[in-house]
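Visitor: Please take a close look at one part of this model, the surroundings of a bound ligand and its metal ion. A single connected account would be best.

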Amino acid sequence: MMKNREHRLTFFLLIPVVLVLVAYVLYPSLRTFFESLQSDGGLTLSNYQDFFSQESKTNLEALWNSVYISVLSVVASGLIGIPLALIFNRYQFPGRGLFATAAIMPIVLPSLVGVMAFMFLYGESGLIPNLVKDLFGLKEVPFQIGGVSGILIVHAYTMYVYFYMMVSAAIGKIDPSLEEAASNLGASKFKVFWKVTFPLMTPAIVGASLLVFMISMASFSAPFLLAGGYRVLSLQIYFSKINGDMEIAATQSVILSVVSIGFLLLMRWYQNRKDYRMASKGIGAHRSEVKNPVMKWVMAAVGVIGVIILLLPHFTILLLSLVPDGTWTFQTYPSTFNFENFRLLFEDPNIFKPLKNSLVLAVIATAGNLVFGVIASYVLVKRKFVGKSFIDILVMIPWALPATVIGMNLVFAFNEKSIFSFGQILVGTFWILPLAYFIRHIPLVVRSTNAVLEQLDDSIEEASRSLGAKWFYTFRKVILPIIMPGVLSGTLLAFVESVGEFPTSVLLYTISNRPISIEIMNQLRMFNMGQAAAYGMIQITLIALVLLISNKFFGVKAERSLT
Amino acid sequence: ACNSDEKTGGETEDKKDKLEEKIVVYSPHGKDILSKFEKQFEEKYSGVDVEWLDMGSQEILDRVRSEKNNPQADVWWGAPSTSFDQAKDESLLTPYKPSYASNLDDSFYDPDWNWSGTSQTPEVIMYNTKELSADEVPKDWDELLDPKWKDEIIIRYPLASGTMRTIFSAMIYRDFKDSDDPAKGYEWLTKLDQNTKEYSANPEMMYNKVAKGEGALSVWAMPDVVMLKENKNYPFDFVIPESGTPVLTEGIAVVKDAPHPKAAEAFYEFVNSPEAAKILAEEFYRIPTRSDVTDLPKWITDTEIKSMEIDWKVFQEKSDEWMKYWDENIKSGDKEIKE
Amino acid sequence: MASIKIENVQKAFGKTIAVDQLNLEIKDGEFFTFLGPSGCGKTTTLRMIAGFYYPTKGVVRFGDKDMTRVPPEKRNTGMVFQNYALFPHMTVFENAAFGLRVRKVPGAELKKRVQDVLQKVRLDQYSDRQVSQLSGGQQQRVALARALVIEPEILLLDEPLSNLDAKLRDEMRSEILRLQREYKITTIYVTHDQAEALSMSDRIAVFNYGVCHQVGTPSDIYNAPVNDFVAGFIGESNLLPARVEDMNQEKLSVGLVDSSNEMRLVVHNNPLNVKGDLTIGDSGLVTSIRPEAITVHRNDTGGENVFKGSVERVEFFGSTINVSARINQVLLQANMLNNGAGGFKVGEDVWVELPAAHIRVLPVVSGDSL
Amino acid sequence: MASIKIENVQKAFGKTIAVDQLNLEIKDGEFFTFLGPSGCGKTTTLRMIAGFYYPTKGVVRFGDKDMTRVPPEKRNTGMVFQNYALFPHMTVFENAAFGLRVRKVPGAELKKRVQDVLQKVRLDQYSDRQVSQLSGGQQQRVALARALVIEPEILLLDEPLSNLDAKLRDEMRSEILRLQREYKITTIYVTHDQAEALSMSDRIAVFNYGVCHQVGTPSDIYNAPVNDFVAGFIGESNLLPARVEDMNQEKLSVGLVDSSNEMRLVVHNNPLNVKGDLTIGDSGLVTSIRPEAITVHRNDTGGENVFKGSVERVEFFGSTINVSARINQVLLQANMLNNGAGGFKVGEDVWVELPAAHIRVLPVVSGDSL
Ligand SMILES: Nc1ncnc2c1ncn2[C@@H]1O[C@H](COP(=O)(O)OP(=O)(O)OP(=O)(O)O)[C@@H](O)[C@H]1O
Ligand SMILES: Nc1ncnc2c1ncn2[C@@H]1O[C@H](COP(=O)(O)OP(=O)(O)OP(=O)(O)O)[C@@H](O)[C@H]1O
Ligand SMILES: [Mg+2]
Ligand SMILES: [Mg+2]
């Protein structure tokens, strides 16, 4: 018998959370850890010794570069994502809804094709630099991306969405009277933002920073494509692996996740110093009307221009998909446009199979994420128990480890029968992919839900329960609707990521569940840039549709809880 | 469980009516080739369903490795021999000696028959025909070091590329085989590095850059160059280095503990039949390994390939170390920061 | 300088009109109170003055300056929000220090001033607490401290003491008043506590349904309400529908409608007791008399406006006792001090005296004032 | 059944002890009030009864059942939170209907009951509004409606009327009382309004700093406070440090310390007027007398406990007038009805009478009660 019912409830909520985390995160990850301890047949720390004492210091250099790039990526993504979230959530202007949705589009970019679109856009022979060059009659292209700045640009571009989504969800939950109080006390707009709004968004910003930091630590395509020689840890892992040094790869992975977890702990500490629960008396949702009309239009213009820039890569992919293969090789600008690529694609009777697979897989995985994420987040934020930090770390590990490592872990863990897979061999079956996506995206939903849950005043839950509502009823009817914006933003991110997920897919897919990302990759490998782009376009359209539909739903929900 | 089949390679033909209902192929050869052969194979052996997974050869190795305890694949078709050697060392493959073994040159199969070659890939100097005329182009490896090519060479990032690893290793090996010391080779690579404008992360980017004239030269595998030139209208052509070039062997292997061993062997035989080799050569620009294929297309018969003498064993042993050295010591850091 | 003019202001939320046709002039250094039932538009008006709402129509001026659309941070007002609006991520000290930090007050002075104000609101030992760890009243005091410490030109207090006990409320009241007098801070005060309003204010505005009914000094409002709503809302009042039956230069005789015209009251006919020009037969009027003006006797004392009735309810309010007596259908409330004189019993016969000087005859404006 | 027993309860937040050694027994159907200064632990106690906090020590029982660790939803309590805790995503109607929906009340009945309760709190025409579009007082009424509609066994009201105007507060008060009497709902009420507490409650508990000082009926608490804190906190009281100078069976003579021993008061020596056993020379005592018990005369009336002084301040509170008079350093507050009898002027000489029957001699427990 538990000490009392509240503890029992916490306990019951924890059971599934812990089970899932142990089975699908801890257990597989431990294998990586043990692998890293392996050397010459025995268990030693020598791999770690090597890592740090290596003569050429490449590992340390890579580690340092990774951290450096990741920190800068966090800053850059934040600098884009937070203002955009503010503009689109605080200012009303024509077309706001559409642009607000468009701002999510960068994560829709299929990863490899996306980076290539960047090269086509901004590389030395890219469209934009050459356009500028030709327009102004310059001799050299005025700028091009590449190297560290290139990585940063691509990171900022693809990752600001985490900030955008999570901060958007959190902004709506900030009691506007707090900002009013600050400006009443004489704080300028900037001060209000800096001293009140921004700190109150801390849970969201911390969450997004974590996600961005970790994903940049593990990021692969961007450093690889844009600065092949620049040493970062994720590439080192890749190279160790293709060099066959599995133990070293495991060691490097472990170190990478240790750094990520260190960052997680730092962030947790930072966030836990303060309280972010909106505990005003009553509901202070008098929406402030103080809006400077000039600012409004300036903001609107900034937002709109921003979004256009954000959508340029998508247009580039569209362009690529309309250019038949072989007609845009040495030419600066393409000259022939037709639907040849699409025609070729649609000749294949199975064209829709991967689309359908991706959708089905993503839906299954995301549904799992939704349920699991919301429960886990609730337990983490609103319940007291020992070992919270540990659970928090476990939750983030799928994001802290490179995706391929997660994939390999899963293979190792589930290509034999185990209790965690209900005595089945999962590898080679349909279910391994949704499981992989699910695991991979646990952190997304948990983090974004945390962000709004941190702001929720506990007495709302208490009120419901004192009215006789059981915990579950309370949860469904009161807590969930209030935190919906955060839940949805995480779920949407998870869904979109699942549809485009490549690194684990390639290790785990089977004939029966081959997803769209594999298809794109294969086209690319066969040098069918055009068809890959056409496929990419289909994927983008598909996700955009889902986003639009859910954003309608999301919008309605959000409005009801905000006004 | 099926290890008993190990030495029964020759009998496959006799037992073909007992093939399993299905065969799973891992291959990087792409949709076009694979679906073509799927169709033909299924026509020939009705009742056998060919399933293929199309992915990069490195990914196949990863996958086969991680599925070691519960193999999903029967045949691994297509990868440089070095990858197979690595797989062999990790005992991921089942030896199989095909019926046409006698038609393969010694260098085209593993002594233990863990794999055998299906096509050969000579490495060449590739150039942009818009930027350079055939006379200007370097005729041999060493000419690439001429300072006039500074910032004209674009190279696929070698660590991740079997082709590039082979070329770089070969450059070291040229001296190493006599001196047993890679120093000379490293020196050569250092000079090449000085002329190299950029290391591209994937072939597409490299093609794109060479095509657009960001650089005029590269080194790459011949069949790909031909394919780009013929099929995709890229302004490319190639030169086979006069002093000789490493020729990679692409192979095929049966995966250890393959769930459908018989069908695997049938497929193994099938895709390397002379007819198949011819199709591959004509439609997909692959140079066969079998000596008994006739009527090959002109681009093969016309080119004279001077193959470099290479002990692949040494390559396999040393190349990781060499590449690591290159990565850590030769590759100049400023290459990636080009603004 | 810091006088406030509100000219013809209206504020609509969609179809709801929260404030209508409001005209107010609040003098520099004045202590001005808004009184009115819940939802009548007090907070809305304050928010327009603070700059959080723009009026749908009309102009808000500070001195002669049109402030209608000046942003809040440029208005130098200090506001205590009805919902406190404390910054959850700051400690008590940081909350209180916010306004000073914004004003770049140097560290040592800031510390001193914040400690001072926290001590005044009796929160000095809580200065390092997170606000979520405070009780309701403590939170309210933080809100108060935060607004007071900046010594603004205009202080807007939206029910700043509603969650404090009487003792503390008293202390806070004096503190607010002291500050207000000392720095000549123009203060607008919203409260539901009429005693507070009457004792503190220089002037009071009485609102209902977004409309301002009367502006005046506390004794104006209390002793000379302009209509039945004000009379009924401020303090207790016996409001009895009436008709003018007879009148002359000196006196008025009004009949109480509820009493089936059996009760007639004599009222002094002067502007203090009669609002507006009346003629015989006028109805749509009420007579208003305060419970404390009514005296209840155990025996018939005779004289003007004395009626016999019986005690229907006796309520005990600490220092006072409330007696309800019924006289011909009419229920009258009388208030008396609990000074030990034996209480009345329910059912007992009593004689109720309504002194003519304390009866007012007023126009009826509200359907629900009773 | 729904009686509440609180046995030896303590609640600590880290080092802060919010409630200590609390023992209360609240009877079934009783209207029980918590009174006490801000931060004294009222809300904390309510929350332990509702089940949101677990006591650090001690037991909470409903009837005989140990409820200490029963989850809130199993307690059938209805609570009005000090901060309302409305559901922001629901309309007024949905907020009020929540408890009924949980109880699976059928649609038609639910609708009727919710409309009824909304009408009672005067919000019927707001039922489709989002709660964020309501004024502070309106929100508070939603909170009240939400708790009342479920007619729980135990009603916990944490300052449920603090943001309402006097009129509405009156109405709500009667509504709560009606409901409480009708359904015999055990009610615990937290308020800072003493008049409210005294007029509504069956019994009152007076808290300070987490400790309960006295439990008793309103007149107990008011007329027979057990110590200086209770006397000072409930109602106005003149608390004067005193020493027993002389005593006999009938009377006590106490010297007021502040008056440099010049003033002696005669006090009846019986348990109603004297708390505890005293002997001559005892100090650490206070005499307590209510302002309304004091009479102020313009001329010397002679007799027991009459002292000459001068008026120092006159305050006008609507129905009452407060006169502060100073007699040999001692400042005394007197309260009188504003019944038109001419007010006193500051500086005027007066004779102040402190009726012996109304003086109480009490032990001092609090340093800050004065
Ligand atoms: N979470 C907490 N952490 C630390 N101290 C707390 C916490 N909650 C309340 N307290 C402290 O406990 C004491 C009692 O608080 P409680 O809320 O019960 O007061 P209260 O009697 O309801 O006061 P009020 O009338 O101001 O609402 C206060 O001093 C408060 O600061
Ligand atoms: N955002 C809004 N949308 C629609 N109606 C609103 C909004 N804010 C306030 N109202 C309405 O305007 C009226 C006036 O509100 P206001 O907050 O000014 O009242 P108040 O006088 O402060 O009342 P209280 O004493 O209850 O705080 C109320 O009826 C309220 O319902
Ligand atoms: Mg208000
Ligand atoms: Mg409280």
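**The site between two chains**

Guide: D:Thr43 is partly exposed, at a relative accessible area of 22%; buried means under 20% relative accessible area, exposed over 50%, and partly exposed in between (1.4 Å probe, protein chains only). The model is predicted, so local features need pLDDT of at least 70 and side-chain atom pairs count only at pLDDT 80 or more, while totals for chains, interfaces and linings use all residues. Residues are numbered from 1 along each chain as its sequence is written, chains are lettered from A and ligands numbered from 1 in the order in which they are written, and side-chain values use heavy atoms, with hydrogens and water left out.

D:Thr43 provides OG1 and D:Gln82 provides OE1 as the protein donors of the magnesium ion (ligand 4), at 1.8 to 2.2 Å from the ion. Donors here are N, O and S atoms within 2.8 Å of the metal (3.2 Å for Na, K and Ca); water is not among the atoms, so sites may look incomplete. Because D:Thr43 belongs to helix H1 of chain D and D:Gln82 to the loop between strand E6 (77–80) and helix H2 (92–102) of chain D, the pair ties together parts that are 39 residues apart in sequence. Helices (H or I, at least four residues) and strands (E, at least two) are DSSP runs, numbered from the N terminus. D:Gln82 is buried, with a relative accessible area of 12%.

D:Thr43 is also among the residues that come nearest to ligand 1, together with C:Ser135, C:Gly137, D:Gly39 and D:Thr44, out of 20 around that ligand. A residue is near a molecule or strand if one of its heavy atoms lies within 4 Å of it. Ligand 1 lies between chains C and D.

Polar contacts (pairs of N or O atoms within 3.5 Å) come from both chains. On chain C, a polar side-chain atom of C:Gln138 is 2.7 Å from an oxygen atom of ligand 1. On chain D, a polar backbone atom of D:Gly41 is 2.9 Å from a ligand 1 oxygen atom, and a polar side-chain atom of D:His192 is 3.0 Å from an oxygen atom of ligand 1. Of the 640 Å² of accessible area that ligand 1 has on its own, the protein covers 91%, by the Shrake-Rupley method with a 1.4 Å probe. Helix H4 (136–148) of chain C and helix H1 (42–50) of chain D are the elements that give two or more residues to the shell around ligand 1.

Key:
A polar contact is a pair of N or O atoms within 3.5 Å; within protein, one must be able to donate a hydrogen and the other to accept it, and residues adjacent in sequence count only if both atoms are side-chain atoms.
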